[in-house]
Amino acid sequence: MASVELRNISFTYGKNTETSHKALDNVSLKINGGITGLIGHTGSGKSTLVQMINGLLKPDEGQVLLDGRDIWADPKKIREVRFKVGLVMQYPEYQLFADTVGEDIAFGPKNMGITGDELEKRVRESARFAGLDEELLDKSPFELSGGQKRRVALAGVLAMSPEVLILDEPAAGLDPAGRRDILGGIKKYSRESGTTVIIVSHSMEDMAMYCDDIVVMANSKIFMYKSCAEVFSEHRELVAVGLDVPAITRVASALAELGIDIGADVYTVDYATEKILEFMKNGTINVGEEKQV
């Protein structure tokens, strides 16, 4: 899996103007693979950070490294970095433009110089990973549903076989079934391909369900970078910086106040079920100072 590292990154929008805003302030971070969630309130620096990794923005200070190499060491090669670090922006379906789904998916790899059988193979495999039926490849992308359009945009990035895949709110606006399909497909793709994935989302439930680790941003800095269990066990700290926790974590916290302590690291319904059953096997429930059997 590819590694991504930011070393002492700072970036200011509108530098030397009255409206300047420091989006990143001496940020250091290293991601070594798996699926990492990126959360933070609006204006915390999330979008700026992922655009740094993709090379869309150049830091004012510090270095961005991909597999140990500074992506800005040779600015003329930054286009190659964008092939290696695929970025799917929020509502990417608005960027579809080709006559057919297949042509839209093929756009990226064509720009990489890929043609013929290899191009055809990439289009079909990326469509499969994104959950698109093969018969859709000859259809206009504008005839598809919102969820299918989202998959076409995702497949277009997957077709470039990026070493790092960044998704900004990939399930925004989708119904629960659509969210599960998109995010479940991304998790499957990461596990099967070994691609390092970074997901930006406001949904704590999605973060808990699909991510291995979570980066929490606040005030243009890294506030916390830990495993899902560790991050959501510190729910009071998250609330203090304007964030929420999964609903099931709040339930576990409320139970603990009643003396039913199933652990502070509960962040999925399945895990909560397991811990409650384990608690019940002990045959006791503590409520305040009393013990009921």
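This passage describes the pockets, the cavity, one helix and two buried residues of a predicted model.

We may begin with the open spaces. The largest pocket has a volume of about 570 Å³. Its lining is made up of 23 residues, and those nearest the centre of the pocket are Leu-87, Gln-95, Phe-107, Val-157 and Met-160. Four elements, α2 (78-84), β6, α3 and α5, each give two or more residues to this lining. By class, the lining of the largest pocket holds 14 nonpolar, 6 polar and 3 charged residues.

The second largest pocket offers about 310 Å³ of space. Around this second pocket stand Leu-66, Asp-67, Arg-69, Asp-70, Ile-71, Ala-73, Asp-74, Lys-77, Glu-80, Val-81, Lys-84 and Glu-163. Two or more of these residues come from each of β5 (69-70) and α2, and α2 gives the most, with 3 residues. The chemistry of the lining is easy to summarise: 8 residues are charged, 4 are nonpolar and none is polar. Helix α2 thus appears in the linings of both the largest pocket and the second largest pocket.

Closed space comes next. Searching the whole structure gives 1 cavity of 30 Å³ or more, and the volume of this cavity is about 50 Å³. The residues that line the cavity are Val-88, Met-89, Gln-90, Pro-92, Arg-150, Leu-154, Leu-167, Asp-168, Glu-169, Pro-170 and Ile-182. Among the elements, α5 (146-158) and β7 (164-168) each supply two or more residues to the lining. Of the lining residues, 7 are nonpolar, 1 is polar and 3 are charged.

Helix α5 deserves a closer look, as an element that lines both the largest pocket and the largest cavity. At 1.5 Å a residue, its 13 residues should span 18 Å, and the end C-alpha atoms lie 19 Å apart, which agrees. Because 10 of the 13 residues are buried, α5 is largely enclosed by the rest of the structure. The buried set consists of Gly-147, Arg-150, Arg-151, Val-152, Ala-153, Leu-154, Ala-155, Gly-156, Val-157 and Leu-158. These buried residues pack against β6 (85-88), α3 (101-111), α4 (116-129), β7 and α6 (176-193). Two of the buried residues, Arg-150 and Leu-154, also belong to the lining of the cavity, while the buried Val-157 is one of the residues nearest the centre of the largest pocket.

Leu-132 can be read alongside this helix, since its place is in the loop between α4 and α5. With a relative accessible area of 7%, Leu-132 is buried. Beyond its neighbours within four places in sequence, Leu-132 is in contact with Ile-105, Ala-127, Gln-148, Arg-151, Val-152 and Ala-155. Of these partners, Arg-151, Val-152 and Ala-155 are among the buried residues of α5. Leu-132 and Gly-259, by contrast, are separated by 127 residues in sequence and by 48 Å in space, C-alpha to C-alpha.

Thr-48 completes the picture. Thr-48 lies in helix α1 (residues 46-54). With a relative accessible area of 5%, Thr-48 is buried. The side chain of Thr-48 is joined to that of Tyr-13 by a polar contact of 2.8 Å. Leaving out neighbours within four places in sequence, the contacts of Thr-48 are with Phe-11, Tyr-13, Ala-23, Leu-24 and Leu-57.

Terms used
Residues are numbered from 1 along each chain as its sequence is written. This is a predicted model: local features need pLDDT of at least 70, side-chain atom pairs count only at pLDDT 80 or more; totals for chains, interfaces and linings use all residues. Side-chain values use heavy atoms; hydrogens and water are left out. On a 1 Å grid over the protein atoms alone, a cavity is a set of points where a 1.4 Å probe fits but cannot get out, and a pocket is an open set with protein on both sides within 12 Å along at least five of seven lines; lining residues have an atom within 4 Å of a point. Grid points are joined across faces, edges and corners, and a volume is the space filled by probe spheres set on the points. Ala, Val, Leu, Ile, Met, Phe, Trp, Tyr, Cys and Pro count as nonpolar, Asp, Glu, Lys and Arg as charged, and the others, Gly among them, as polar. The expected span of a helix is 1.5 Å times one less than its number of residues. Buried means under 20% relative accessible area, exposed over 50%, partly exposed in between (1.4 Å probe, protein chains only). Contact means heavy atoms within 4.5 Å. A polar contact is a pair of N or O atoms within 3.5 Å; within protein, one must be able to donate a hydrogen and the other to accept it, and residues adjacent in sequence count only if both atoms are side-chain atoms.
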